[in-house]
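Biologist: I would like to learn how to read the overall build of a model before turning to a single residue. Could we go through it step by step?

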Amino acid sequence: MKQVKFLLLSVFFLTIFPSFAQMSQQARDSIAKLSQADHQLMMQRLGIESLRPGPSGNPEAPNAANKDESIATPYTALPDPLVFDNGQKVRNKKDWEKRKTEIEEHFASEIYGRIPENTPSVSWEIIEEKDSLFGEVPARFKKLIGHVDNSSYPEIEVNIEMYMATPKDAKKVPLVMQFSWIWPASMQRPRPQGPTWQEQMLKEGWGFAMLIPTSFQADNGAGLRAGIIGLVNKGQPRKLDDWGTLRAWGWGASRALDYLETDPSVDAKKVAIEGLSRYGKAALVAMVDEPRFAIGFLASSGAGGAKIFRRVYGEQVENLASSGEYHWFTPNFIKYAGPLTPMDLPVDAHEMVALCAPRPVFISGGDPDVEGHWIDAVGMFKTAVAATPVYEFLGKKGINTDQYPGTNVGLLDGDLVFRQHDGGHTEDPNWGYFIEFAKRYLED
């Protein structure tokens, strides 16, 4: 009974606090304790007694993450996305469709988890709609709630929160959907450093949507028995190949796209998905899982996103598999921090990016001297290079060099592109470049 009360208290905290940083220390401790307990349960089910510790993100720590490029590549080759598991080569597009299924199965069973076969339906409600100004651009603003059908387990209620705006009187315009932390009340006030990304979208004649992932699945292990994952599992712990939070967030983006298909102001065939950091990881997963997304913008997604898992640089699999981050992935992923290693993974990040092909993808990162080396910009660049053969196989253009370009040198001519800006952990300096890139696909 005490554990049940503790869980309910945690879910309460997860509901009323949109950001972990805003929580009291008591709430943080409660969530950490529950996350550790669930993480330990998954380890027991996997038969694992201990894990290798991950490095520290503090560059001054004795166990600081590696930032020496000369020792960052312990592998001699990456898994080839154009070669079947049995060693046969992919020779045509029909073969590629079969190979995609093979790759997707590896990611489902070992890294991101399986999406349940029967996820509940979602009914959307517009709870606020008004004309508004974003900077100097008049727009139609909407706040929406997606009510998830919980008739299978009424004890857990799940709602998807989304905000959006389109140019006033718009009809069938492109739209960029962002995985967002919260709706900033001050967003409509002009910023001294220039227009917000939302204002830039509207100035282009496009719309924007801000999807709040934590409204339907908490960003911690304590929330795994609540939210959409908990609802489908009827409040029980995950199975070892169940989906993680990244895939659940991607599921929510698909349901948001369902709504956009009904909105006459939006051209649902021209919707981009974007995210920063952990939400950049989610944007990659959403691109793979939802073929209706036309284009992806993956900003500083790092490990677990558009960075080679096998690289020993910055954040490592051991960090991802710890009690602070394991919830993003399937429980099976934990074993790659002990007894297995990243070298034992049957796939790597370049194959996730390859699964997006032939759709366009923009991979973004910050300057390592500003953003830090934790994200591993070189690792994301190497992912783009290694995914390029699939884009070329499908008649598209990828990265035309294997030489890391450095800061403010965009490789933007292809359908799979990369640019490292001179800012920190943000996508802001690359929005203008992404817009020019996206125009090639979102405008007639």
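Biologist: How many helices and strands does the protein have?

Modeller: This is a predicted model, and in it the protein has 12 helices and nine strands. The radius of gyration is 21 Å, close to the 22 Å that the globule rule gives for 444 residues, so the protein is as compact as a globular protein of that length. Along the principal axes, its C-alpha trace spans about 60 × 60 × 50 Å.

Biologist: What share of the residues counts as buried, and what share of the contacts with a separation of 6 or more comes from residues 24 or more positions apart?

Modeller: Buried means under 20% relative accessible area, and 57% of the 444 residues of the protein fall in that class. As for the contacts with a separation of 6 or more, residues 24 or more positions apart account for 70% of them. The protein exposes about 18600 Å², of which carbon and sulfur atoms supply 50%.

Biologist: Turning to one residue, where does Glu128 lie, and why does Glu128 count as partly exposed?

Modeller: Glu128 lies in strand 1, which covers residues 122–134. Partly exposed is the class between under 20% and over 50%, and Glu128 counts as partly exposed because its relative accessibility is 31%.

Biologist: Which residues does Glu128 touch, leaving out those up to four places away in sequence?

Modeller: With those left out, Glu128 touches Phe141, Lys142 and Lys143. In addition, the side chain of Glu128 makes a polar contact with the side chain of Lys130, at 3.4 Å.

Definitions and conventions
Residues numbered from 1 in each chain as written. Predicted model: local features only at pLDDT ≥ 70, side-chain atom pairs only at ≥ 80, totals over all residues. Heavy atoms only, no water. Helix = DSSP H or I, 4+ residues; strand = E, 2+ residues; numbered from the N terminus. Rg over C-alpha atoms; globule rule 2.2 N^0.38 Å. Buried < 20%, exposed > 50% of the residue type's maximum accessible area, 1.4 Å probe, protein only. Contact = heavy atoms within 4.5 Å. Areas by Shrake-Rupley, 256 points an atom, 1.4 Å probe, with all protein chains shown as cover. Polar contact = N/O pair within 3.5 Å; in protein donor to acceptor, adjacent residues only side chain to side chain.
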